[in-house]
Amino acid sequence: MIVPRIKGIIQRRILINYNIDANIIAEILPKPFTPKLVNRRAIAGICLIRLAQIRPKLLPKFMGISSENGAHRIAVEWKENGVNKEGVYIPRRDTSSRINAIAGGLLFPGIHYYAKFQVEEDNGNYNVSYKSADGTHLSIVATRANVWNSESTFKNLQVASDFFEEGSIGYSPSPNGYDGIKLNIHNWRVAILEVQSVVSSFFDNEKLFPKGSVKFDNALLMENIEHEWIGLKRIDK
């Protein structure tokens, strides 16, 4: 099914990004997806996003819901009817909203797992974490900054910003295939986050990512962004 058009506000969006051995990411990805590379490295990460006033487009703001959410993302490419496409594959979604967890695959794409979030934000400082019942967890401590990470695989903030803006289409696994959605952001803008610490049960798992195969790359921040989610045709398995 195609999920309905959803609109709302992204109050805060943190993109935690890693560069990873492309061969390892290729083994994780299901067909038809292949890794999108930057300087021969795959790009993956976690999006920590607080949504507000989320509702079908025709409903008024007061009927919208708010939630904290975490999404594991891998930058990918694929062919659709012979045409090259690009976006992100989202193998895992977690949410603080039981409504989102129930509505995953109906109002929202893919399966959503309920998780407990803890968030502290103060004057450009961010301490965000979550943990789900199956043990999936993440935590990050970061501060707004002006200096780009010189060890990033991206040359500068603008190159990174363009890369992630182009990845506006996402597909998530569902029982019958991969549910698709396109993120339309009306005023795209990102800022740099300097990360003091980050822990991820997914990217720190050496059974999935052998030591040395994954490296933290950068973190980006978006705040108070109007947006729409537009449902796309499902890719069947």
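Two strands count as paired here if DSSP finds at least two bridges between them. Strand 5 and strand 6 pass that test with eleven bridges, and they run antiparallel. The model is a predicted one, and this pair is a good place to enter it.

Strand 5 covers residues 65-80, and strand 6 covers residues 83-95. One pair of partners marks the register: E77 is bridged to E86 in strand 6. The two strands form a hairpin with two residues between them. In that hairpin N81 has a positive phi, near 55°.

Strand 6 has further partners. Strand 10, residues 169-174, pairs with strand 6 through two bridges, and here the strands run parallel. Y89 stands opposite Y171 of strand 10. Strand 7, residues 113-122, also pairs with strand 6 in the parallel sense, again over two bridges. There T95 stands opposite Y114 of strand 7.

Follow strand 7 onward. Eight bridges join strand 7 to strand 8, residues 125-132, and the two run antiparallel. E121 has Y126 of strand 8 as its bridge partner. This pair also forms a hairpin, with two residues between the strands. N123 takes a positive phi in that hairpin, near 50°.

Now turn to the pocket. Which strands each supply at least two residues to the lining of the second largest pocket? They are strand 5, strand 10 and strand 13, the last spanning residues 214-236. Strand 13 gives the most, with four residues. The pocket has a volume of about 180 Å³.

Several names from the strand pairs return in its lining. N81, the hairpin residue with positive phi, is one of the lining residues. Y171, which Y89 faces across the strands, is another. The rest of the lining consists of W78, E80, K85, I169, L232, K233, R234 and I235. By class, the lining has five nonpolar residues, one polar and four charged.

Next, take a single residue. A142 lies in strand 9, residues 137-145. Is A142 buried or exposed? A142 is buried, because its relative accessible area is 2%, and the cut-off for buried is under 20%.

What does A142 touch beyond its neighbours within four places in sequence? Its contacts are G124, N125, Y126, L193, E194, V195 and Q196. Y126 was met above as the bridge partner of E121. A142 also has a C-alpha to C-alpha distance of 8.5 Å to A219, although the two are 77 residues apart in sequence.

Finally, step back to the whole chain. The secondary structure comes to three helices and 13 strands. Of the 237 residues, 51% are buried. Sequence-distant contacts can be put in figures too. Among contacts with a separation of 6 or more, 71% join residues 24 or more positions apart. The accessible surface is about 11900 Å², and carbon and sulfur atoms account for 50% of that area.

Terms used. Residues are numbered from 1 along each chain as its sequence is written. This is a predicted model: local features need pLDDT of at least 70, side-chain atom pairs count only at pLDDT 80 or more; totals for chains, interfaces and linings use all residues. Side-chain values use heavy atoms; hydrogens and water are left out. On a 1 Å grid over the protein atoms alone, a cavity is a set of points where a 1.4 Å probe fits but cannot get out, and a pocket is an open set with protein on both sides within 12 Å along at least five of seven lines; lining residues have an atom within 4 Å of a point. Grid points are joined across faces, edges and corners, and a volume is the space filled by probe spheres set on the points. Ala, Val, Leu, Ile, Met, Phe, Trp, Tyr, Cys and Pro count as nonpolar, Asp, Glu, Lys and Arg as charged, and the others, Gly among them, as polar. Buried means under 20% relative accessible area, exposed over 50%, partly exposed in between (1.4 Å probe, protein chains only). Contact means heavy atoms within 4.5 Å. Accessible areas come from the Shrake-Rupley method with a 1.4 Å probe; for residues, only the protein chains shown count as cover.
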